[in-house]
Amino acid sequence: MKAVTWHGKRDVRVEEVPDPKIEEATDAVVRITSTGICGSDLHLYEVLGAFMTEGDILGHEPMGVVEEVGPEVPNLKPGDRVVVPFNISCGHCWMCERGLQSQCETTQVRAHGKGASLLGYTKLYGQVPGGQAEYLRVPQAHYGPIKVPDGPPDERFVYLSDVVPTAWQAVEYANVPDGGTVVVFGLGPIGQMCCRIARHRGAGQVIGVDLVPERLARAREHGATALDTRDHKEIGDSIRQLTNGRGADSVIDAVGMEAHGAPVGKLAHTLVGLLPQPLGEKITEKAGIDRLSVLYAAIDTVRRGGTISLSGVYGGMVDPMPMMELFDKQVQLRMGQANVRHWLDAIMPVLTADGDPLGVEGFATHKLPLEDAPRAYEMFQKKLDGAQKILLQPTA
């Protein structure tokens, strides 16, 4: 089969690789019909190469049709249409039973001190072959895959793999009061969906912050007040002017380690990328420094007694945190990988509702053949041609 494989910094290729097969009784094999490129895939494209192996299959936002199931997968059969969550969870361990599927103890990567295994995401998270491919082996298929109805296009459901649950959890963790104000830093796919979900769930004012014109325009189209950081010398002051001088009730950081405008963190990432892989791994794992500009802005922007929700990925171990300010402002801080299955009952009725209230069917700005993955990654990373969300579509 054809699959998107990693070969180094900014070097992804579409290659022929062996077809996946059933390896465990709880496996399934799915023929992929749509698969997204995620903002966190750009971390592999850029700064997390130390944890990759040449030839690793990328991708963690797939959906498709079941081809084959193992003997311990009673809930699926060939022909079922499914979305595959990016975290691999069993559904019956202590963590899964408490709605923390991203911490699944059955698939936990203990060797690296991490939580549940993830599709297509480095040796830190199990080095499981990903879903940017014609076919995918799905572990824990007795629980993970989400059956969806035939009829609506893939775009109605494919974002159940990551984007919608990640944004839903970010909004839930932000604890936005009814009619309250939420600020979303970063208007990439997750940030855009956070804005839409926050409005859908009753936020009175949604403020999006970014510096890419196309992203700002898109957020405005869906009812957000969009602020261009280049037009505001002190973004915290500008937001306080919009919130009676107090700051926002809730702030969502949907940027993480890819923040612009943080030269020290950028230099650290670049230097680590030049080191031999074993040394780069150790430095990133034990002494990594993130670009914390957005997190500092979130702390500045949130009102006293407010809540900050982190959905952006941070990877550093020695990031300097302004603990005095967090304590003094009595800020609540919640974060973590999305527990995809935990939010399913709340999300599915929204996705199947008339009128497409979250606008998922027009969410992708580009739909390209799988063979165009190298160009798609470059477009997404460099923000070319207005690329904000790209779906790859295998032809198998």
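A cavity is a set of grid points where a 1.4 Å probe fits but cannot get out, and the legends below begin with the spaces of this kind in a predicted model.

**Figure 1. The largest cavity of the predicted model and the residues that line it.** The largest cavity has a volume of about 60 Å³, and it belongs to a structure that holds three cavities of 30 Å³ or more. Its lining is made up of Val84, Pro85, Asn87, Ile88, Ser89, Leu119, Val138, Pro139, Gly144 and Pro145. Sorted by class, this lining contains seven nonpolar and three polar residues, with no charged residue among them.

**Figure 2. The second largest pocket, with the residues closest to its centre.** The second largest pocket encloses about 220 Å³ of space. Its lining comprises 14 residues, of which Met1, Pro18, Pro20, Ile57 and Pro129 are the closest to the centre. By class, the lining of this pocket divides into nine nonpolar residues, one polar residue and four charged residues.

**Figure 3. Ser309 in strand S12 and its surroundings.** Strand S12 covers residues 302-310 and includes Ser309, which counts as buried because its relative accessible area is 0%, below the 20% cut-off. A polar atom of the Ser309 side chain lies 2.8 Å from the backbone oxygen of Ala170. When residues up to four places away in sequence are not counted, Ser309 touches Ala170, Tyr173, Ala174, Val251, Ile252, Asp253 and Arg334, so that Ala170 appears both in this list of contacts and as the partner of the Ser309 side chain.

**Figure 4. Gln169 in helix H3 and its contacts.** Gln169 is found in helix H3, which runs over residues 163-174. With a relative accessible area of 3%, Gln169 is buried. Apart from its neighbours within four places in sequence, Gln169 is in contact with Gly336, Gln337, Ala338, Asn339 and Trp343.

**Figure 5. Gly191 in helix H4, shown together with Ala170.** Gly191 has its place in helix H4, residues 189-200, and is buried, with a relative accessible area of 0%. Although Gly191 and Ala170 are 21 residues apart along the chain, their C-alpha atoms are separated by 9.4 Å. Residues up to four places away in sequence being left out, Gly191 touches Val184, Gly186 and Ala254.

**Figure 6. Asp210 in strand S9 and the polar contacts of its side chain.** Asp210 is found in strand S9, which spans residues 205-210, and counts as buried because its relative accessibility is 8%, below the 20% cut-off. The Asp210 side chain reaches the backbone nitrogen of Leu187 at 2.6 Å, and a polar atom of the same side chain lies 3.0 Å from the backbone nitrogen of Val212. Not counting residues up to four places away in sequence, Asp210 touches Gly186, Leu187, Gly188, Arg215, Leu216, Leu227, Asp228 and Thr229. The C-alpha atoms of Asp210 and Thr229, which are 19 residues apart along the chain, are separated by 6.0 Å.

**Figure 7. The protein chain as the setting for the close-up views.** The protein chain has 12 helices and 15 strands, and 57% of its 396 residues count as buried. Among its contacts between residues at least 6 apart in sequence, 74% join residues at least 24 apart. The accessible surface of the chain comes to about 16400 Å², with 51% of this area belonging to carbon and sulfur atoms.

Key. Residues numbered from 1 in each chain as written. Predicted model: local features only at pLDDT ≥ 70, side-chain atom pairs only at ≥ 80, totals over all residues. Heavy atoms only, no water. Helix = DSSP H or I, 4+ residues; strand = E, 2+ residues; numbered from the N terminus. Buried < 20%, exposed > 50% of the residue type's maximum accessible area, 1.4 Å probe, protein only. Polar contact = N/O pair within 3.5 Å; in protein donor to acceptor, adjacent residues only side chain to side chain. Contact = heavy atoms within 4.5 Å. 1 Å grid on protein atoms, 1.4 Å probe; cavity = no way out; pocket = protein on both sides within 12 Å on 5 of 7 lines; lining within 4 Å. Points joined across faces, edges and corners; volume = space filled by probe spheres on them. Nonpolar A, V, L, I, M, F, W, Y, C, P; charged D, E, K, R; others polar. Areas by Shrake-Rupley, 256 points an atom, 1.4 Å probe, with all protein chains shown as cover.
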